[in-house]
Amino acid sequence: MNSPLALQLLRFGFLALLWLFVLGAVRVVRSDLRTSGQPRVAVPPPARRRGARGRADAAAVARPRGPAQLVVTEGGLAGTRIGLTGAPVLIGRADDSTLVLTDDYASTRHARISLQDGAWFVEDLGSTNGTYLGQRKLEGPTRLEPGVPVRIGQTVLELR
């Protein structure tokens with residue numbers, strides 16, 4: 001193993017491994033830079049119009065009473081508003097989430113806000129860092145009241 005040829009091959013192998021690591025790191029950084037543009041928020045399709053009377057009836061059915069929107073109050077997406085239509089709101093880093101977070105402390109599928117029996121509930125979906133309602137870490141589906149902050153990593157949301 002003390003031969004000059006073996007030592008030189010070991011050096012070249014180490015150099016190649018180092019370059020593979022650097023190129024992998026550059027690839028990850030480029031990928032993050034491409035996806036860190038504008039916030040991506042899924043918007044539900046508008047309701048079909050059926051005339052004057054039909055529109056009022058459709059609006060009453062589609063929109064539950066109470067809070068009308070979910071507002072991001074802190075974090076990278078502060079000011080983002082999502083209209084509540086009764087459909088579940090999925091929050092996380094996944095591209096198919098309703099609210100896509102670019103927060104390093106958020107999981108791919110972090111939390112869900114859903115309407116159950118006329119009330120909004122927030123549920124942690126097994127995230128690594130947890131979901132907090134006020135100062136309390138969620139253990140299961142918990143009723144969400146308007147104005148109470150929901151913290152997911154560095155992002156804070158409220159029902160309004």
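Start by selecting Glu-123, which counts as partly exposed at 22% relative accessibility. The model is a predicted one.

Next, add Arg-112 to the selection: its closest N atom and the closest O atom of Glu-123 are 3.3 Å apart, and the two residues form a salt bridge. This pair links distant parts of the chain, with Arg-112 in strand E5 (residues 111–116) and Glu-123 in strand E6 (residues 119–124), 11 residues apart. Arg-112 is partly exposed, at 30% relative accessibility.

The structure holds four salt bridges, and two others can be visited now. Select Arg-143 and Glu-145, a salt bridge in which the closest N and O atoms are 2.8 Å apart. Arg-143 is partly exposed at 48% relative accessibility, and Glu-145 is partly exposed at 37%.

Then move to Glu-158 and Arg-160, where a salt bridge has its closest N and O atoms 3.3 Å apart. Is Glu-158 buried or exposed? Glu-158 counts as buried because its relative accessibility is 15%, under the 20% limit. Its partner Arg-160 is partly exposed, at 44%.

For the aromatic side chains, select Tyr-132 and Arg-151. Arg-151 lies over the face of Tyr-132, at 4.4 Å from the ring centre. A search for aromatic pairs will return nothing, as the structure holds zero.

Finish at helix H1 (residues 4–35) and select Leu-18, which lies in this helix. Leu-18 is partly exposed, with a relative accessible area of 42%. Now extend the selection to Phe-12, Phe-14, Leu-15, Trp-19, Phe-21, Val-22, Leu-23 and Val-26: with Leu-18, these residues form a nonpolar surface patch with about 970 Å² of accessible area together.

Terms used
Residues numbered from 1 in each chain as written. Predicted model: local features only at pLDDT ≥ 70, side-chain atom pairs only at ≥ 80, totals over all residues. Heavy atoms only, no water. Phe/Tyr/Trp six-rings, centres within 6.5 Å; stacked < 30°, edge-to-face > 60°. Lys NZ or Arg CZ within 6 Å of the ring centre and 35° of its normal. Patch = residues over 30% accessible without salt bridge, like charges linked within 9 Å, V, L, I, M, F, W, Y side chains within 5 Å. Areas by Shrake-Rupley, 256 points an atom, 1.4 Å probe, with all protein chains shown as cover. Salt bridge = Lys/Arg side-chain N within 4 Å of Asp/Glu carboxyl O. Helix = DSSP H or I, 4+ residues; strand = E, 2+ residues; numbered from the N terminus. Buried < 20%, exposed > 50% of the residue type's maximum accessible area, 1.4 Å probe, protein only.
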